[in-house]
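Open the model in your viewer, colour it by chain, and keep the selection panel to hand. The tour moves from the sheet of one chain to the contact between the copies.

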Protein chains: 2
Amino acid sequence: MESNIYTTFDKIKDRQAKEIYLKQRAKVIWLTGLSGSGKTTLASLLEKRLFELNYFCQILDGDNVRSGINKNLRFTNEDRMENIRRIAEVSKLFMNCGIILICAFISPTKKMREMAKEIIGEDNFLEIFVDTPLEICEQRDPKGLYKKARSGEIPNFTGISAPFEVPDNPFIVAENSNPDINETVRKILLKIVPEIRFDPTADL
Amino acid sequence: MESNIYTTFDKIKDRQAKEIYLKQRAKVIWLTGLSGSGKTTLASLLEKRLFELNYFCQILDGDNVRSGINKNLRFTNEDRMENIRRIAEVSKLFMNCGIILICAFISPTKKMREMAKEIIGEDNFLEIFVDTPLEICEQRDPKGLYKKARSGEIPNFTGISAPFEVPDNPFIVAENSNPDINETVRKILLKIVPEIRFDPTADL
């Protein structure tokens with residue numbers, strides 16, 4: 001009897017059953033970019049628009065991750081990698097539950113994003129580079145972090161005293177200095193929706 | 001504009017919107033009990049029956065947690081607490097996404113389960129004590145762990161060389177030595193469904 005249960009509910013079928021229930025294909029949309037580049041704003045708008053189009057999404061960002069699962073991590077290099085590793089593993093759990101993830105993290109190095117892609121699986125990982133020039137991010141400075149980084153109060157700050165490694169071949173480059181963010185969101189949706197659209201005949 | 005986004009999509013509304021989409025109330029069903037007590041089998045059957053009743057669930061158990069998010073934890077006391085802490089935080093993320101969690105972990109001490117309850121929130125935490133006598137668990141011994149524990153190969157094994165603290169006031173006591181597991185599942189469903197059933201007028 002137990003073996004029956006496991007045969008019926010193995011992991012692949014479980015994900016498929018849930019994608020069918022939600023009528024969508026689960027993917028991880030990974031927003032990478034400088035602090036102040038607009039990742040969280042874009043993530044919120046994307047989730048809102050996708051929800052209106054009947055797609056069921058979950059956002060992971062600093063707000064719900066650093067205060068919870070990753071609250072015991074600091075900002076050492078080792079802990080930054082562990083931060084991204086846990087985020088990728090949580091994303092994978094959600095994805096295996098049929099849910100579309102929108103992850104918004106600076107994730108400044110190629111090594112970090114490669115690790116995330118490896119955990120999540122290349123076919124499931126849709127990388128969006130939020131390409132806002134440093135000058136604009138620094139002008140916006142929504143949390144006052146650039147000011148603190150320039151004064152030396154925050155060390156190893158991405159873009160100021162630590163590098164941001166531009167992705168080589170992201171799925172989308174979102175030029176987010178455009179004042180009309182809705183146009184940026186529209187362009188992203190046009191590329192994302194074909195990836196998450198449910199095709200009931202795909203496995204026939 | 002940003003403030004508008006945050007007002008519309010604050011966390012409580014986000015959870016509500018998702019519960020409405022899924023037509024259910026999100027809860028965490030927490031199965032605690034000895035190794036071999038039948039937690040994973042019960043969790044699988046519960047998920048299957050709840051899915052047939054159109055409830056959208058996710059199982060967290062050793063299989064998908066120890067191989068992923070918690071793969072860098074060992075079996076020291078500190079790491080066992082961290083294991084449960086991360087599981088509770090992941091459960092909370094799913095719950096805030098409107099999803100019913102079924103967690104199956106030995107979680108042998110009151111301190112562990114109290115921590116999980118505190119993270120998840122008392123109203124959201126439905127504790128099920130899977131009450132299978134040690135002798136039956138040891139007879140079943142599905143993974144051969146009791147044999148290893150008796151021979152001393154595994155130290156600090158719950159029930160043999162480490163205590164299992166019976167919950168004081170669990171939501172359900174599931175006596176799982178009954179050969180008819182479907183009857184056990186039926187009894188659990190009768191108590192769980194009123195907790196997860198969606199009432200569209202609840203917040204009017």
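Two strands are taken as paired here if DSSP finds at least two bridges between them. Please keep in mind throughout that this is a predicted model.

**Stop 1: the sheet of chain A**

Select the strands of chain A, where five strands form an open sheet in the order E2-E3-E1-E4-E5, with parallel pairing. At the edges stand strand E2 (57-61) and strand E5 (172-174) of chain A, each of which has a single partner strand, so one side of each is left without a neighbour in the sheet. From one strand to the next, the twist averages 20°. For the edge at E5(A), show strand E4 (residues 125-130) of chain A as well: three bridges join E4(A) to E5(A), and the two run parallel. Within this pairing, A:Val130 stands opposite A:Ala174 in E5(A).

**Stop 2: helices on the sheet**

Now add helix H5 (residues 77-95) of chain A, which packs on the sheet and touches E1, E2 and strand E3 (100-104) of chain A, its direction making about 160° with that of E3(A). Then add helix H6 (residues 110-120) of chain A, which lies across E1 and E4 of chain A and runs at about 155° to E4(A).

**Stop 3: A:Thr32**

Which strand holds A:Thr32? Select strand E1 (residues 28-32) of chain A, and A:Thr32 will be found in it. Is A:Thr32 buried or exposed? A residue counts as buried if 20 or more other C-beta atoms lie within 10 Å of its own, and because A:Thr32 has 27 other C-beta atoms within 10 Å, it is buried. Leaving aside residues up to four places away in sequence, A:Thr32 touches several residues, among them A:Phe105, A:Arg113, A:Glu127, A:Val130 and A:Pro167. If you also label A:Pro163, you will find it 131 residues from A:Thr32 in sequence but 13 Å from it in space, C-alpha to C-alpha.

**Stop 4: into chain B**

Turn to chain B and select strand E2 (residues 57-61), of whose five residues four are buried, so the strand is largely enclosed by the rest of the structure. Five bridges join E2(B) to strand E3 (residues 100-104) of chain B, and these strands run parallel; B:Gln58, for instance, has B:Leu101 in E3(B) as its bridge partner.

Next, show the largest nonpolar core, which has 98 residues, and in which A:Ile29, A:Cys103, B:Ile29 and B:Cys103 touch the most other members. Centre the view on B:Ile29, whose contacts, not counting residues up to four places away in sequence, include B:Ile100, B:Cys103, B:Leu126, B:Ile128 and B:Ile192.

**Stop 5: where the copies meet**

Finally, display both chains and select the contact between them, where 20 residues of chain B are in contact with 20 residues of chain A. Helix H1 (2-8), helix H3 (39-52) and helix H5 (77-95) of chain B are the elements that give two or more residues to the side touching chain A, and H5(B) gives the most, with five residues. If you colour this side of chain B by residue type, 10 residues are nonpolar, five polar and five charged.

To see how the copies are related, superpose them: chain B can be laid on chain A with an RMSD of 0.0 Å by a turn of 180° and a shift of 0.0 Å along the axis. The two copies are therefore related as by a two-fold rotation axis. The same surface serves both copies, since 100% of the contact residues of chain B recur in chain A.

Methods
Residues are numbered from 1 along each chain as its sequence is written. Chains are lettered from A and ligands numbered from 1 in the order in which they are written. This is a predicted model: local features need pLDDT of at least 70, side-chain atom pairs count only at pLDDT 80 or more; totals for chains, interfaces and linings use all residues. Copies are superposed by least squares on the C-alpha atoms of residues with pLDDT of at least 70 in both. Two residues are in contact if their C-beta atoms, placed from the backbone, lie within 7 Å. Ala, Val, Leu, Ile, Met, Phe, Trp, Tyr, Cys and Pro count as nonpolar, Asp, Glu, Lys and Arg as charged, and the others, Gly among them, as polar. A residue is buried if 20 or more other C-beta atoms lie within 10 Å of its own, exposed if 12 or fewer, and partly exposed in between; C-beta atoms are placed from the backbone. Axes are lines fitted to C-alpha atoms, for helices over the stretch in contact, and angles run from 0 to 180 degrees between N-to-C directions. A nonpolar core is a set of buried Ala, Val, Leu, Ile, Met, Phe, Trp, Tyr and Cys residues joined through C-beta atoms within 7 Å.
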